[in-house]
Amino acid sequence: MDLMRKALNLTNPSLANSGANAARVPPHQIVTDKFPVMTIGGVPDVPLDVWRLRLVGLVEREAELDWEALNALPQAQETRDFHCVTQWSKFDVEWGGVRASDVFGVCSPKPEATHVMLHCYDGYTTNVDLERLQADDVLFAHTLAGAPLDRDHGGPVRLVVPSVYGWKSAKWVGAVEFMAGDRPGFWEQRGYHMRGDYWKEERFGSPF
Ligand SMILES: Nc1nc2c(c(=O)[nH]1)N[C@H]1C(S)=C(S)[C@@H](COP(=O)(O)O)O[C@H]1N2
Ligand SMILES: [Mo]
């Protein structure tokens with residue numbers, strides 16, 4: 001643990017989690033200034049002219065956005081804390097991109113769609129409920145701290161879902177599949193929680 005703290009440049013947790021920060025740091029999280037890279041495998045190379053976001057499944061109109069189409073939608077900024085289930089938290093991450101609700105307006109999810117599966121260019125998948133994705137702070141992000149999102153952090157485009165642990169924030173996202181009911185993604189099949197609310201410490205083990 002000491003080594004991990006050192007590697008991540010972790011602030012002394014007793015300090016970071018005290019006082020004004022207590023209300024801000026979810027249970028058993030430790031604040032770091034770094035932005036560690038968490039990835040299951042290789043970092044895919046997805047050039048801008050190849051990148052697509054497909055909107056499929058239970059929608060009124062299946063659609064495919066390219067880079068130009070994504071940038072033609074209203075642009076938004078959100079500064080939010082990021083919490084990884086491996087216990088590091090980073091304050092004030094500045095994202096720029098397009099609100100998920102604006103992206104979903106392109107395809108109009110059918111009323112029976114309750115959850116989505118995010119499909120990524122590295123083969124990763126993760127599931128999120130549709131209501132959570134329609135919150136104002138959920139972005140398909142292409143900018144981090146004012147610069148184009150780098151490949152390690154999911155560039156050209158990743159999803160950011162600030163209200164749950166970081167594994168739901170799908171990097172190199174390529175498709176959104178709208179589903180009637182929930183289905184486990186990559187980590188959820190391996191024991192991670194179906195929802196991942198960090199205030200409730202939904203780390204592991206909800207049945208599906
Ligand atoms: N496509 C894809 N998205 C992913 C992952 C991944 O391996 N592949 N890792 C997840 C995990 S576990 C976390 S904590 C965050 C980390 O984002 P970062 O690497 O930008 O810190 O990305 C999530 N999104
Ligand atoms: Mo993670």
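The shell around ligand 1 divides into 13 nonpolar residues, four polar residues and three charged residues. The structure in the viewer is a predicted model, and this tour starts at the ligand before moving along the chain.

**Stop 1: ligand 1 and its surroundings**

Select ligand 1 and display the residues around it. Ligand 1 is surrounded by 20 residues, and the closest are Pro36, Ile40, His153, Arg158 and Lys171. Next, consider where the ligand is placed: ligand 1 sits in the largest pocket.

Now select Lys171 together with the ligand. A polar atom in the side chain of Lys171 is 2.5 Å from an oxygen atom of ligand 1. Add Arg158 to the selection; one of its polar side-chain atoms lies 2.7 Å from an oxygen atom of ligand 1. Then add Ile40, and display its backbone. Here a polar backbone atom lies 2.7 Å from an oxygen atom of the ligand. How much of the accessible area of ligand 1 does the protein cover? On its own, ligand 1 has 530 Å² of accessible area, and the protein covers 98% of it.

**Stop 2: strand E1 and the loop after it**

Select Val31, which belongs to strand E1. Val31 counts as buried because its relative accessibility is 6%, and buried means under 20%. Add Gln87 to the selection: 56 residues separate Val31 and Gln87 along the chain, while their C-alpha atoms are 8.4 Å apart.

Move on to Thr32, in the loop between strand E1 (30-31) and strand E2 (53-57). Is Thr32 buried or exposed? With a relative accessible area of 1%, Thr32 is buried. Display its side chain and the backbone of Lys34. A polar atom of the Thr32 side chain lies 3.0 Å from the backbone nitrogen of Lys34.

**Stop 3: Asp92 and Ala145, two residues with unusual phi**

Most residues other than glycine have a negative phi. Select Asp92, in strand E5 (residues 88-99). Although Asp92 is not a glycine, its phi is positive, at about 55°. Asp92 is partly exposed, with a relative accessible area of 44%.

Select Ala145 next. Ala145 is placed in the loop between strand E8 (139-144) and E9. Ala145 also is not a glycine, and its phi is positive, at about 50°. Which class of accessibility does Ala145 fall into? Ala145 counts as exposed because its relative accessibility is 54%, and exposed means over 50%.

**Stop 4: helix H4 and the loop that follows**

Select Ser101, which lies in helix H4 (residues 100-107). Ser101 is partly exposed, with a relative accessible area of 27%. Add Gln134 to the selection. The two residues are 33 residues apart along the chain, and the C-alpha atoms of Ser101 and Gln134 are separated by 5.0 Å.

Continue to Lys110, in the loop between H4 and E6. Lys110 has a relative accessible area of 28% and is partly exposed. Select Arg61 as well: from C-alpha to C-alpha, Lys110 and Arg61 are 9.4 Å apart in space, with their positions 49 residues apart in sequence.

**Stop 5: His115 in strand E6**

Select His115, in strand E6 (residues 115-120). The relative accessible area of His115 is 17%, so His115 is buried. Display the side chains of His115 and Thr114. These two side chains make a polar contact at 2.7 Å.

**Stop 6: Phe140 in strand E8**

Select Phe140, found in strand E8. What is the relative accessible area of Phe140? The value is 0%, and Phe140 is therefore buried. Add Gln75, and display the C-alpha atoms of both residues. Phe140 and Gln75 are 65 residues apart along the chain, with their C-alpha atoms separated by 9.9 Å.

**Stop 7: a cis peptide bond at Pro156**

Most peptide bonds are trans. For the last selection, choose Gly155 and Pro156 and display the backbone. The peptide bond from Gly155 to Pro156 is cis, and its omega is near 15°. Pro156 is located in the loop between strand E9 (147-148) and strand E10 (158-160).

Conventions. Residues numbered from 1 in each chain as written. Chains lettered and ligands numbered in written order. Predicted model: local features only at pLDDT ≥ 70, side-chain atom pairs only at ≥ 80, totals over all residues. Heavy atoms only, no water. Near = heavy atom within 4 Å. Polar contact = N/O pair within 3.5 Å; in protein donor to acceptor, adjacent residues only side chain to side chain. Areas by Shrake-Rupley, 256 points an atom, 1.4 Å probe, with all protein chains shown as cover. 1 Å grid on protein atoms, 1.4 Å probe; cavity = no way out; pocket = protein on both sides within 12 Å on 5 of 7 lines; lining within 4 Å. Sits in = over half its atoms within 2 Å of the grid points. Nonpolar A, V, L, I, M, F, W, Y, C, P; charged D, E, K, R; others polar. Helix = DSSP H or I, 4+ residues; strand = E, 2+ residues; numbered from the N terminus. Buried < 20%, exposed > 50% of the residue type's maximum accessible area, 1.4 Å probe, protein only.
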